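Load the model in your viewer and keep the sequence panel open. This tour says what to select at each stop and what is there.

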Amino acid sequence: MKKVLVFAIAVVGLMSVATTANAFEAGKCKACHSVDKDKLGPAWKSIAAAYGDEATLAKVFAGGFDVNDRKLASSDAKWKGKAGLMTSQFNSLIKGHEKEAAHALFESVKAGKIGNY
């Protein structure tokens with residue numbers, strides 16, 4: 001019985017990792033961001049303007065999202081004060097999906113709404 005239980009827990013754990021590794025949903029970002037207005041986080045239009053293109057933003061994400069590499073957080077006290085929250089969200093939502101997240105941000109700005117791309 002113990003072996004079956006341990007096996008079942010291992011399978012569920014692997015399924016959770018596989019699901020997390022294959023899924024990025026920009027829709028979850030709406031809790032803190034909008035395309036054109038600052039909310040808890042900066043407007044995505046501001047982020048897009050600061051980085052210029054998705055490859056540059058993806059590079060910052062891939063580099064670990066260091067506060068000093070964040071163009072808005074490093075230059076604006078309002079966003080620097082929220083760096084810890086932003087790091088937490090990066091670790092739970094973006095890490096492992098750096099290119100997809102940067103692509104979704106720039107595509108959402110083009111579309112005028114946060115979507116999944």
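Start with one residue: is A101 buried or exposed? A101 is buried, at a relative accessible area of 6%. Here buried means under 20% relative accessible area, exposed means over 50%, and partly exposed lies in between (1.4 Å probe, protein chains only).

Before moving on, note that this is a predicted model, in which local features need pLDDT of at least 70 and side-chain atom pairs count only at pLDDT 80 or more, while totals for chains, interfaces and linings use all residues. Residues are numbered from 1 along each chain as its sequence is written, and side-chain values use heavy atoms, with hydrogens and water left out.

**Stop 1: the whole chain**

Show the protein chain as a cartoon. It has seven helices and zero strands. From the N terminus on, the order is α-α-α-α-α-α-α. These elements are DSSP runs numbered from the N terminus: helices are H or I with at least four residues, strands are E with at least two.

Now switch on the surface. The accessible surface of the protein chain is about 7300 Å², and 60% of it belongs to carbon and sulfur atoms. Such areas come from the Shrake-Rupley method with a 1.4 Å probe; for residues, only the protein chains shown count as cover. Of the 117 residues in the protein chain, 32% are buried.

Turn to contacts, meaning heavy atoms within 4.5 Å. Take those in the protein chain between residues at least 6 apart in sequence: 56% of them join residues at least 24 apart.

**Stop 2: A101**

Go back to A101. It sits in helix α7. Setting aside residues up to four places away in sequence, A101 touches F24, F61 and I94. Next, select A26. Its C-alpha atom is 6.9 Å from that of A101, although the two residues are 75 apart along the chain.

**Stop 3: α3 against α7**

Select residues 54–62 for helix α3 and 98–111 for helix α7. The two pack at an angle of about 140 degrees, with axes 8 Å apart. Axes are lines fitted to C-alpha atoms, for helices over the stretch in contact, and angles run from 0 to 180 degrees between N-to-C directions.

How are α3 and α7 set to each other? They are oblique. Under 35 degrees counts as roughly parallel, over 145 as roughly antiparallel, 65 to 115 as roughly perpendicular, and the rest as oblique.

The crossing of α3 past α7 is right-handed. A crossing is right-handed if the near helix is turned clockwise from the far one by less than a right angle, and left-handed if anticlockwise.

Show side chains. From α3, select E54, L57, A58, F61 and A62; they meet E98, K99, A101, A102, H103, L105 and F106 in α7. By class, this contact of α3 with α7 has eight nonpolar, one polar and three charged residues. Nonpolar covers Ala, Val, Leu, Ile, Met, Phe, Trp, Tyr, Cys and Pro; charged covers Asp, Glu, Lys and Arg; the others, Gly among them, are polar.

Pick A62 in helix α3. A62 is exposed, with a relative accessible area of 60%. Measure to G96: C-alpha to C-alpha, A62 and G96 are 8.2 Å apart, with their positions 34 residues apart in sequence numbering.

**Stop 4: α2 against α7**

Keep α7 and add helix α2, residues 44–51. Their angle is about 115 degrees and their axes lie 9 Å apart. α2 and α7 are therefore roughly perpendicular to each other. This time, α2 passes α7 in a left-handed crossing.

Select W44, K45, I47 and A48 in α2; they meet A104, L105, F106, S108 and V109 in α7. The residues of this contact divide into seven nonpolar, one polar and one charged.

**Stop 5: two loop residues**

Jump to F65, in the loop between α3 and α4 (71–75). Check its backbone: F65 has a positive phi of about 60 degrees although it is not a glycine. Most residues other than glycine have a negative phi. F65 is buried, at 10% relative accessible area. Beyond its neighbours within four places in sequence, F65 contacts V60, R70, M86 and F90.

Finish at P42, in the loop between α1 (2–22) and α2. P42 is buried, at 3%. Its contacts, leaving aside neighbours within four places in sequence, are H33, S34, I47, L72 and W79.
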